[in-house]
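Biologist: Before we discuss pockets and ligands, could you put the sequence and the structure in front of us, and then let me ask how each description is justified?

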Amino acid sequence: MTSATAEAPTMTQTWQPLCTKADLVPFSGVAAWIETTEGPAQVALFYLPGHATELYAVDHHDPFSDANVIARGIVGDVSGAPVVASPIYKQHFRLDDGQCLEDEAVRLRCWAVCFEGDRVMIQA
Amino acid sequence: MNTPQSELQRLIVIGNGMVGHHLVEQLIERGATEQYRVTVFGEERHRAYDRVHLSEYFGGRDAQFLAMCDADLYAEHGIELRLNEAVTALDRDAGEVVTEAGRYAYDRVVLATGSYPFVPPIPGNDRDNCLVYRTLDDLDAIRAAAETATTGVVVGGGLLGLEAANALRGLDLDTAVVEFAPRLMPMQVDTEGGELLREKIEALGVQVLTGRATQHIEDGQASFHRMVFQDDKVLETDLIVFSAGIRPRDELARDAALEMGERGGVVIDDRCLTSDPAILAIGEVALWNNSIFGLVAPGYQMAKAAADTLLGGELTFAGADMSTKLKLLGVDVGAIGDAHGNQNPGARMFRYLDEIKQEYRKLVVSSDGRKLLGAMLVGDNATYDTLMQYYSNGLELPEDPAALILPSTEGAPTLGADALPEGATICSCHNVTKGSICATLDAGATDLGAVKAETRASTGCGGCAALLKSVVDHELEARGVEVDRSICEHFAHTRQELYDIVRVEGIKTFGELIGKHGSPQTQGLGSSSAPKLGCDICKPAVASILASCFNEPITDAAHIPLQDTNDTFMANMQKNGTYSVVPRVAGGEITPDKLVVLGQVAQKYGLYTKITGGQRIDLFGAHLEELPDIWGELIAAGFETGHAYGKSLRTVKSCVGSTWCRYGVQDSVGMAIRLEHRYKGLRSPHKLKFAVSGCTRECAEAQSKDVGVIATEHGWNLYVCGNGGMRPRHAELFATDLDDEQLISTIDRLLMFYVRTADRLQRTSVWRENLEGGLDYLKEVVLEDSLGINDELEAQMQTVIDHYECEWAGALQDPEKLKRFRSFVNDARPDPDIIVTEERGQLRPA
Ligand code: SRM
Ligand SMILES: Cc1cc2nc3c(=O)[nH]c(=O)nc-3n(C[C@H](O)[C@H](O)[C@H](O)COP(=O)(O)OP(=O)(O)OC[C@H]3O[C@@H](n4cnc5c(N)ncnc54)[C@H](O)[C@@H]3O)c2cc1C
Ligand code: SF4
Ligand code: FES
């Protein structure tokens, strides 16, 4: 089981099933709904088969355009770190920690995700 | 700081031509408006324009394009520009300049009235359709007269006469040149050179009559005019253009009793002052050291000196070189210094004549064989830049000077940029030396553009462009600057190099390309065996390259992660995350039934509907998950994807043409539809727009498109590399009177050559402007197959065409592909954050 580093977990976070491996698109993203302690949220899931960290989950909401589109951005790497580029105004966000590379003050939320067999699990 | 207007000195500039304008620019640059209240009078109705490139007015450039500056430059600096107001007198006693509209007091005056074309005193020279070639209005008059003419004669076989002849030829007239002297261009070339020039020009279908003096002009029998020569021979023609030299427009100065030259021209000193120190003269009206300079570069130097004089400086005009390099009717002619070798007693000459290739070169060297005094070139100007540097910088000639003009064999001594001394003038229009270019680089400029912006080098006649580039490249290299053209951090290659790699190695996926050719530092993340990712720069670029080579569906699994969201979902993402849908409406022609379907689909899905600038209909506001259903309905009604999302052919705009329009001469709608279907789906470095007009009225605006086609009586004229958008550019005439098949094969090659060689996101206009060798080079490649690749280009286009399929039709057949069209993988409900509101009866983002 591989998982991404996430924000400091709160007491109540639990692992929940999200979707199956077949729902994912290799080297690209899909969006999904999750329940969090603060209510429902849209997450963008990225799947990088063969990489040390294969799965990432960050906010689907793009803070610059205020539209829910991050999962539809292009995945790439900038100076060795995996990133997604917003499809609207093209800012880059690091998948590890959600940090926006163009604006220090902006950061997407991140969640821990992993495979359990064919199921994709998320901690929220 | 600001002096009140009333205390400023009043400076009047008479003439708003090239040189008068350059003076104003100098004054602005040097802050002279703090000291002078400047008024400029121009007799023409146009503000200053580029007379050197006047002939391009016939090639589709308009007055706006040729203008030397933005319309509001003068006003922005408080300079009054009074166009269409000729100065009729210079009243020195009153200190006033007089026009029909009034009298204007001056403290200083600059005469920049240029010259007028000399019309020989031949009886009948004032008949209708006897014209000259100097101003935009002259060209309008020639164009109007040419409409009813079939033949034209240019009187005068000098530089401007040949240029006028080319223009007449371009207006589809049977053209002849009549020259009084025994050869063409008597000022620049000798007998051998003149003979060669004649042969070349006659081969172009222009009749050349030398040694002919016209006695009078009378009514013709078959044509409008009949010209009668000294030997009673006659020549009939509909239109005559006089181009028998220029004369200074010095009438104001003459009437004001300023000192004049014996054969005209206002006498000036080194500081451009006339005999009245309140009055200066510059440009073609000025006579310095008994010479008139009929070229723009010396005029600019005078303008510089005059500005300095007005500001109390010491800069002087020290004469100028009259060397010229031209392409007349497609024939290179160059003359450097003492080209005839008759000004330097004891000079020795070398000549080279190649009757097969029709090239003639002559060197005039000092008696000791060390210095170049002059040179003459006909048929090939390749050696001009090198010779010019030897000449103007007084460089020592090589052991065997003849090697400089012999056909280039191994080791022919070309003068590299490094061999030039610091003081070498690179751009004579703006007097930029190699030293000042180096200084700009040392001050931080890092590329050619910055050097041009800083020094203005190569922004005048443009003749120095190639030399400037080689100097800048060389100096950058010498400073250890590697001109990095890598596409991004993942590939140390340009787009063109990647394209060649893909084709040569037959690479079909991004993974394979980055695996084999990615930058070494681009190691997989975390583990070295992991595939490399690329980024949002290289991925779409490579996707486009793969598509233009193999045209596999972009929705195939291997290509999906490469695409921008628009290509992934085959629709254009809008600001709220919804998409727009633009079905193809080839040529803008649409049946009522299809229109009804568009309306019904828009109604059913609540889509905002708008007619686009590309003659089709855009449906906005579709949710991701609705796209397959919407396209299902559209495809069932016979629509196909419009590629509004792709870097590919958008639309081929058309006008109704001969089908309906009383002026149409060809079926423009039919051709537009044919072209649109042929090239739809071709992925290219940037989007492509075409248009086809049914006659010269040009209702489809073809001259603003990447590919523009205009119908003629005999077929089609093809225009290329136009652009609307951020930086509009008129398309250039590329080929004329093509039949349908020629038109298509020419476009095939042109597009594939663009696809091969352009940078990512480079429209054809920018590509063309950056293409070394310019339009001529492009013509050589595409029309004359100079690279021998045309068969390949056509075959490649055929591959793309053969592999076309409507991406939407393909995706709808494939459940795997359709899986992507879900807003959420674990919930079928739409995104609740997309909120719309109603406006003018339609929905729009709230
Ligand atoms: C829909 C339309 C405006 C309209 O309501 O009429 C439009 C809409 C867009 N244009 Fe355009 N352009 C549209 C006609 C034009 C035209 C006019 C024409 O084609 O006759 C031009 C100028 C002509 C030209 O391109 O030379 C035009 C010059 C641009 C440019 C500037 C290109 C340039 O080279 O300077 C961009 C930006 C770019 O491509 O980088 C652009 C980009 C865009 C984008 C894609 C901007 C974006 O990234 O969101 C717009 C989204 C379209 C969508 O979501 O569907 N659009 N755009 C027109 C679609 C025509 C069609 O049927 O396909
Ligand atoms: C077709 C053509 C091609 C050329 N090609 C080249 C080339 O390749 N290289 C090169 O170096 N040179 C070339 N030249 C020459 C170049 O254009 C001139 O040297 C240059 O324009 C001279 O500038 P000027 O300001 O002195 O005169 P102009 O540009 O002629 O400007 C003078 C202006 O003053 C106006 N004027 C005159 N009298 C009055 C008055 N009383 N009141 C108000 N306004 C007045 C005129 O209407 C005119 O607009 C070419 C010229 C032509 C016509
Ligand atoms: S002009 Fe600008 S705002 Fe209007 S459609 Fe084109 S890109 Fe969009
Ligand atoms: S020499 Fe004319 S622009 Fe440089």
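Biologist: What makes the backbone of B:Met18 a polar contact of ligand 2?

Modeller: Bear in mind that this is a predicted model. A polar contact is a pair of N or O atoms within 3.5 Å, and a backbone N or O atom of B:Met18 lies 3.3 Å from an oxygen atom of ligand 2, so the pair meets the cut-off. Two side chains qualify by the same rule: a polar side-chain atom of B:Glu43 lies 2.9 Å from an oxygen atom of ligand 2, and an N or O atom in the side chain of B:Arg134 is 2.6 Å from an oxygen atom of that ligand. As for cover, ligand 2 taken alone exposes 990 Å², of which the protein buries 94%.

Biologist: Which residues surround ligand 2, and which helix gives the largest share of that shell?

Modeller: There are 29 residues around ligand 2, and the closest are B:Glu44, B:Arg51, B:Arg134, B:Glu284 and B:Val296. Helix H1 (18-29) and helix H5 (159-170) of chain B each supply at least two residues of this shell, and H1(B) has the largest share with three residues. Sorted by class, the shell holds 13 nonpolar, nine polar and seven charged residues.

Biologist: Why is ligand 2 said to lie between two domains?

Modeller: Domain 1 (9-114 + 249-311) and domain 2 (120-244) of chain B both give residues to the shell around ligand 2, and therefore the ligand is placed between them.

Biologist: How do you know which atoms of the protein make polar contacts with ligand 1?

Modeller: The distances are set against the cut-off of 3.5 Å for N or O atoms. A polar side-chain atom of B:Asp618 lies 2.9 Å from an oxygen atom of ligand 1, a polar side-chain atom of B:Lys705 lies 3.0 Å from an oxygen atom of the ligand, and a polar backbone atom of B:Gly724 is 2.7 Å from an oxygen atom of the ligand. Ligand 1 is surrounded by 19 residues, among the closest of which are B:Gln574, B:Thr612 and B:Arg616, and by class the shell has one nonpolar, eleven polar and seven charged residues.

Biologist: Why is the second largest pocket placed between domains, and which residues are closest to its centre?

Modeller: Domain 4 (495-563) and domain 5 (647-813) of chain B both give residues to its lining, so the pocket lies between them. About 990 Å³ of space lies in this second largest pocket, and of the 46 residues that line the pocket, the closest to its centre are B:Asp564, B:Lys647, B:Arg650, B:His686 and B:Leu761. Helix H15 (538-550), helix H16 (565-569) and helix H21 (764-770) of chain B each supply at least two lining residues, with H15(B) giving the most, five residues. The lining divides into 17 nonpolar, 14 polar and 15 charged residues.

Biologist: What makes a space a cavity rather than a pocket, and how many cavities of 30 Å³ or more are there?

Modeller: A space is called a cavity because a 1.4 Å probe fits there but cannot get out, whereas a pocket is open. By this rule there are eight cavities of 30 Å³ or more, and about 110 Å³ of space lies in the largest cavity. Of the 14 residues that line this largest cavity, the closest to its centre are A:Gly29, A:Val30, A:Ala31, B:Arg820 and B:Arg822. Strand S2 (residues 29-36) of chain A gives the most to the lining, with three residues.

Technical notes: Residues are numbered from 1 along each chain as its sequence is written. Chains are lettered from A and ligands numbered from 1 in the order in which they are written. This is a predicted model: local features need pLDDT of at least 70, side-chain atom pairs count only at pLDDT 80 or more; totals for chains, interfaces and linings use all residues. Side-chain values use heavy atoms; hydrogens and water are left out. On a 1 Å grid over the protein atoms alone, a cavity is a set of points where a 1.4 Å probe fits but cannot get out, and a pocket is an open set with protein on both sides within 12 Å along at least five of seven lines; lining residues have an atom within 4 Å of a point. Grid points are joined across faces, edges and corners, and a volume is the space filled by probe spheres set on the points. Helices (H or I, at least four residues) and strands (E, at least two) are DSSP runs, numbered from the N terminus. Ala, Val, Leu, Ile, Met, Phe, Trp, Tyr, Cys and Pro count as nonpolar, Asp, Glu, Lys and Arg as charged, and the others, Gly among them, as polar. Domain bounds come from an automatic or database domain assignment. A residue is near a molecule or strand if one of its heavy atoms lies within 4 Å of it. A polar contact is a pair of N or O atoms within 3.5 Å; within protein, one must be able to donate a hydrogen and the other to accept it, and residues adjacent in sequence count only if both atoms are side-chain atoms. Accessible areas come from the Shrake-Rupley method with a 1.4 Å probe; for residues, only the protein chains shown count as cover.
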